[in-house]
Amino acid sequence: MNQTKMTIRDLNLWYGDFQALHGMDLEIPENEVTAFIGPSGCGKSTFIKTLNRMNDLVQGCRIEGNVQLDGENIYSHRYDVNNLRKRVGMVFQQPNPFPKSIYDNIAYGPRTHGIRDKQQLDQIVEESLKKAAIWDEVKDHLDRNALSISGGQQQRICIARALAIQPEVLLMDEPTSALDPISTAKIEELVTQLKEDYTIVMVTHNMQQASRVSDKTAFFLNGYIVEHGDTRKIFTNPEHEQTENYISGRFG
Ligand SMILES: Nc1ncnc2c1ncn2[C@@H]1O[C@H](COP(=O)(O)OP(=O)(O)OP(=O)(O)O)[C@@H](O)[C@H]1O
Ligand SMILES: [Mg+2]
């Protein structure tokens, strides 16, 4: 049993008057992949964004409860949000590289954290692209605009960009839903490798994907976590009828 990297306790979230998350409790184990599944609008994206305080940027959003990273509450007023975003990186549904060269995309984070040395940056760029399994495809044209490569390559550039700041946790919100099957398979394989070094949380609408790559699964419905636990158990012998109905495709 791996150590717990993040602990969520009685988390409630409102957008204005609308309560989007209700009493969420969850543990996210270190060096494992945790998948969030559930029908559209049930709060998966809202919840994953609470893990690095991306909702701070949403006007009218109010949060109560507790999210701990290595035992420290990230919502404490003493907590340094910049440091949090460095430790908890994020990859989105649509690949969103900056309109800059591949090199500058990866070097962006390290530069903002004060690294200026060319040799050091070269090394970070190479290592990050290798970890994201895209080095061989782009190493001969790092000066190419990142928007000029394929969607699947762009998404791996975004993963490399997230890895370049050496996060501990990687949040991925439907990272393959905009990709073709071959790119999707590459990202799934990559996720399986990355969990050796990182803790990964992934939203997916693809049941096969959740069962292939995740160790733990949480099933969301209407702003609640109905059930969470070992992926194999959730997919073969869930406790709740609603989970059973969802994974067998009876709704959602
Ligand atoms: N910025 C916002 N302001 C107001 N309501 C919002 C906002 N973002 C999301 N919501 C609402 O919160 C609920 C949860 O949305 P969320 O995006 O978290 O769902 P989801 O599970 O990620 O759905 P999907 O699978 O379609 O991506 C929905 O009812 C949505 O309309
Ligand atoms: Mg979503």
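Trainee: Which residues of helix 3 (residues 102-112) are buried?

Mentor: Good place to start! This is a predicted model, where local features need pLDDT of at least 70, side-chain atom pairs count only at pLDDT 80 or more, and totals for chains, interfaces and linings use all residues. Residues are numbered from 1 along each chain as its sequence is written, and side-chain values use heavy atoms, leaving out hydrogens and water. Helices are DSSP runs of H or I with at least four residues, strands are E runs of at least two, both numbered from the N terminus, and buried means under 20% relative accessible area (1.4 Å probe, protein chains only). In helix 3 the buried residues are Ile102, Tyr103, Asn105, Ile106, Ala107, Gly109 and Pro110.

Trainee: Which element gives the largest share of the largest nonpolar core?

Mentor: A nonpolar core is a set of buried Ala, Val, Leu, Ile, Met, Phe, Trp, Tyr and Cys residues joined through side-chain atoms within 4.5 Å. The largest one has 34 residues, with Ile102 and Leu170 among those having the most contacts inside it. Elements giving it two or more residues include helix 3, helix 4 and strand 7 (169-173). The largest share, 5 residues, comes from helix 6.

Trainee: Now to Asn12: is this residue buried or exposed?

Mentor: Asn12 lies in strand 1 (residues 4-15). Its side chain makes a polar contact of 3.0 Å with that of Gln19 (a pair of N or O atoms within 3.5 Å; within protein, one must be able to donate a hydrogen and the other to accept it, and residues adjacent in sequence count only if both atoms are side-chain atoms). Because its relative accessibility is 12%, Asn12 counts as buried.

Methods. Chains lettered and ligands numbered in written order. Buried < 20%, exposed > 50% of the residue type's maximum accessible area, 1.4 Å probe, protein only.
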